[in-house]
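User: I would like to go through this protein model in a few questions. Please keep the answers short.

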Amino acid sequence: MFHILTYTDFYIIISKDSIRCLILFGFKIAFSQPLYFPHICFTQIRIQRYFMKKLFLFLFTASLLVSCGGSKKTVSKKRNIPKTERVVLHAQAFSGTKYKFGGTTSKGMDCSGLVYVAFQKENIVLPRVSRDMAKKGKPISKSSAKKGDLVFFKTNKNSKQINHVGLVTAVKSGQIYFIHSTSSKGVLTSSLEERYWKRAFVEARRVL
């Protein structure tokens, strides 16, 4: 069963069976067999060339403007955010994630996994283990640490090796805040002025 909606210069044929709408572009469309409608028989449909060219050009231009405008907005928005900020945002997206040894997903994350994934999302590949991360970049003084820097710790009293890492998220009023993953609380943000972390702190390094 077909119905025809007639406009000034073109026809739209709607089929109830297939629930589809067909806009006919061209000059003359002939059918080998007549199309039958209630009380009407069409053997051909004529479409004016000038109007259809204008309609097609308008629709095509509009679609290009919309797609290009949206794409440009997305790219410029990303470019306006510094890489350091993007790395921090990647890490903060895992806030509240539970701790899992060797984890690198939202199902579970360990300290080096969090830092590794945050940098990897910006195509920066770091070693997977915190003690090896501590060999990358350049060492900086604690007082010069800023957002995006790495802070390293020794939390095992029986070992002299670095075994924990965090990513600096902010420095406010002389306090350094960093995001990391702990075995007891998972991914969270802490201050380097907290007694435990102040004592365990070893060094800060800059890789960006």
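User: Is strand β11 largely enclosed by the rest of the structure or exposed, and how many of its eight residues are buried?

Analyst: This is a predicted model, in which local features need pLDDT of at least 70 and side-chain atom pairs count only at pLDDT 80 or more, while totals for chains, interfaces and linings use all residues. Residues are numbered from 1 along each chain as its sequence is written, and side-chain values use heavy atoms, with hydrogens and water left out. Strands (E, at least two residues) and helices (H or I, at least four) are DSSP runs numbered from the N terminus; buried means under 20% relative accessible area, exposed over 50%, and partly exposed in between, with a 1.4 Å probe and protein chains only. Strand β11 spans residues 175–182 and is largely enclosed by the rest of the structure, because the number of its eight residues that are buried is six.

User: Which strands pair with β11, and in what sense?

Analyst: Two strands count as paired if DSSP finds at least two bridges between them. β10 (residues 164–172) is joined to β11 by five bridges, with Val168 opposite Phe178. β12 (residues 186–191) is joined to β11 by six bridges, and there His180 stands opposite Leu188. The partners are therefore β10 and β12, and by the DSSP bridges the sense is antiparallel for β10 and antiparallel for β12.

User: Which residue takes a positive phi in the hairpin of β10 and β11?

Analyst: The hairpin from β11 to β12 runs through three residues. That of β10 and β11 has two residues between the strands, and the one with a positive phi, near 50 degrees, is Ser173.

User: Which strands pair with β9, and which residues are the bridge partners of Phe153?

Analyst: Both faces of β9 are covered, with Leu150 and Phe152 buried on one side and Val151 and Phe153 buried on the other. In a regular strand the side chains alternate between the two faces of the sheet. β9 is joined antiparallel to β10 by four bridges and to β13 (residues 201–206), also antiparallel, by four bridges. The bridge partners of Phe153 are His164 in β10 and, in β13, Phe201.

User: Which element gives the most residues to the largest nonpolar core?

Analyst: A nonpolar core is a set of buried Ala, Val, Leu, Ile, Met, Phe, Trp, Tyr and Cys residues joined through side-chain atoms within 4.5 Å. The largest has 23 residues, of which Val115, Phe119, Leu150 and Leu167 touch the most other members. Two or more residues come from each of α2 (83–92), α3 (111–120), β9 (150–153) and β10. The element that gives the most, with seven residues, is α3.

User: Which residues line the largest pocket closest to its centre?

Analyst: On a 1 Å grid over the protein atoms alone, a pocket is an open set of points where a 1.4 Å probe fits, with protein on both sides within 12 Å along at least five of seven lines, and lining residues have an atom within 4 Å of a point. The space in the largest pocket is about 320 Å³, a volume filled by probe spheres set on grid points joined across faces, edges and corners. α3, α4 (130–133), β11 and α5 (195–200) each supply at least two residues of the lining. Of the 19 lining residues, the closest to the centre are Tyr99, Phe101, Asp110, Cys111 and Asn163.
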